[in-house]
Amino acid sequence: METNKDIRVLLVEDEPDLRELLSSELELNGYNVIAAGGGQEAFKFFSENEIDLVVSDLKMGLGSGMDLLKSIRDNSTAHTPVILMSGYSDFDNKEASSLGAQMLLHKPFSLESFVSAVEEALAKS
């Protein structure tokens, strides 16, 4: 039986305080977290590690969440679930869905709803 510690989550957030908060919350819930500050760094981690779930900010300075999602889908045979997070309302939800994003979390959100979204995405995969 797989425990949360066996589940590797790639968390991508360019805002350092939020990245640390979300990483800590996932680790408190037993997940193995790899944190990245941008899409380019995240894709490198994704390519070098077995990742069970990607949680990414949508708009970042160093490669957007949408660019990361496209790279994952174009370069991987695995259908790794992806959650996108955004504080903006001008995103293309249809494009994200067509590329296989499991869900979009609207910022701000509670830590409880964040962990619930992670659990839901993993349960569907």
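This passage describes charged pairs, aromatic pairs and selected local features of a predicted model.

Four salt bridges are present in the structure. One of them joins glutamate 13 to lysine 107, with 2.9 Å between the closest N and O atoms. This pair connects distant parts of the chain, as its two members are 94 residues apart. Glutamate 13 sits in the loop between strand 1 (8-12) and helix 1 (16-28), whereas lysine 107 belongs to the loop between strand 5 (101-106) and helix 5 (111-124). The two side chains also fall into separate classes of accessibility. Glutamate 13 has a relative accessibility of 1% and is therefore classed as buried, the limit for that class being under 20%. Lysine 107, at 23%, counts as partly exposed. The pair belongs to a network of salt bridges in which Glu13, Asp57 and Lys107 are linked. Side chains of opposite charge can pair when their charged atoms come close.

Two further salt bridges are each contained within a helix. In helix 2 (residues 39-48), lysine 44 and glutamate 48 are four residues apart, which corresponds to about one turn of the helix. Their closest N and O atoms are separated by 3.0 Å. Lysine 44 is partly exposed, its relative accessible area being 48%, and glutamate 48 is exposed at 52%. The boundary between these two classes lies at 50%, so lysine 44 and glutamate 48 receive separate labels.

In helix 5, a salt bridge is formed by lysine 124 and glutamate 120, with a distance of 3.2 Å between the closest N and O atoms. Here too the spacing is four residues, or about one turn of the helix. Lysine 124 has a relative accessible area of 54% and is exposed, while glutamate 120, with a relative accessibility of 39%, is partly exposed.

Charged residues also contribute to a surface feature. Asp14, Glu15, Asp17, Glu20 and Glu27 together form a negative surface patch. Among them, glutamate 27 is located in helix 1. Its relative accessibility of 44% places glutamate 27 in the partly exposed class. Patches are made of residues with over 30% relative accessible area and no salt bridge, so glutamate 27, at 44%, meets the accessibility condition.

Two aromatic pairs were found in a search of the whole structure. In the pair of phenylalanine 43 and phenylalanine 46, the ring centres are 6.3 Å apart and the planes make an angle of 20 degrees, so the rings count as stacked. Both residues lie in helix 2, three residues apart, a separation of about one helical turn. Phenylalanine 43 is partly exposed, with a relative accessible area of 23%. Phenylalanine 46 is buried, with a value of 9%.

The rings of phenylalanine 109 and phenylalanine 114 make up the other pair, with centres 5.7 Å apart and planes at 10 degrees. This pair is likewise stacked, because planes under 30 degrees apart are assigned to that class. Phenylalanine 109 and phenylalanine 114 are both buried.

The backbone has a cis peptide bond from lysine 107 to proline 108, with omega near 0 degrees. Most peptide bonds are trans. Proline 108 is found in the loop between strand 5 and helix 5, and lysine 107 of the salt bridge with glutamate 13 is placed in that loop as well.

Two buried residues were examined for their position and for one distance each. Leucine 58 occupies the loop between strand 3 (53-57) and helix 3 (65-75). With a relative accessibility of 6%, leucine 58 counts as buried. Leucine 58 is 24 residues from isoleucine 34 in sequence, and the C-alpha to C-alpha distance between leucine 58 and isoleucine 34 is 17 Å. Alanine 96 is part of helix 4 (residues 93-98). This alanine is buried, its relative accessible area being 5%. Alanine 96 and glycine 65 are separated by 31 residues in sequence and by 9.5 Å in space, C-alpha to C-alpha.

Definitions and conventions
Residues are numbered from 1 along each chain as its sequence is written. This is a predicted model: local features need pLDDT of at least 70, side-chain atom pairs count only at pLDDT 80 or more; totals for chains, interfaces and linings use all residues. Side-chain values use heavy atoms; hydrogens and water are left out. A salt bridge is a side-chain nitrogen of Lys or Arg within 4 Å of a carboxyl oxygen of Asp or Glu. Buried means under 20% relative accessible area, exposed over 50%, partly exposed in between (1.4 Å probe, protein chains only). Patches are made of residues with over 30% relative accessible area and no salt bridge: like charges are joined within 9 Å, nonpolar side chains (Val, Leu, Ile, Met, Phe, Trp, Tyr) within 5 Å. Accessible areas come from the Shrake-Rupley method with a 1.4 Å probe; for residues, only the protein chains shown count as cover. Lys and Arg count as positive and Asp and Glu as negative; His and the chain ends are not counted. The place of a charge is taken as NZ of Lys, CZ of Arg, CG of Asp or CD of Glu. Rings of Phe, Tyr and Trp (its six-membered ring) pair if their centres lie within 6.5 Å; planes under 30 degrees apart count as stacked, over 60 as edge-to-face and the rest as tilted.
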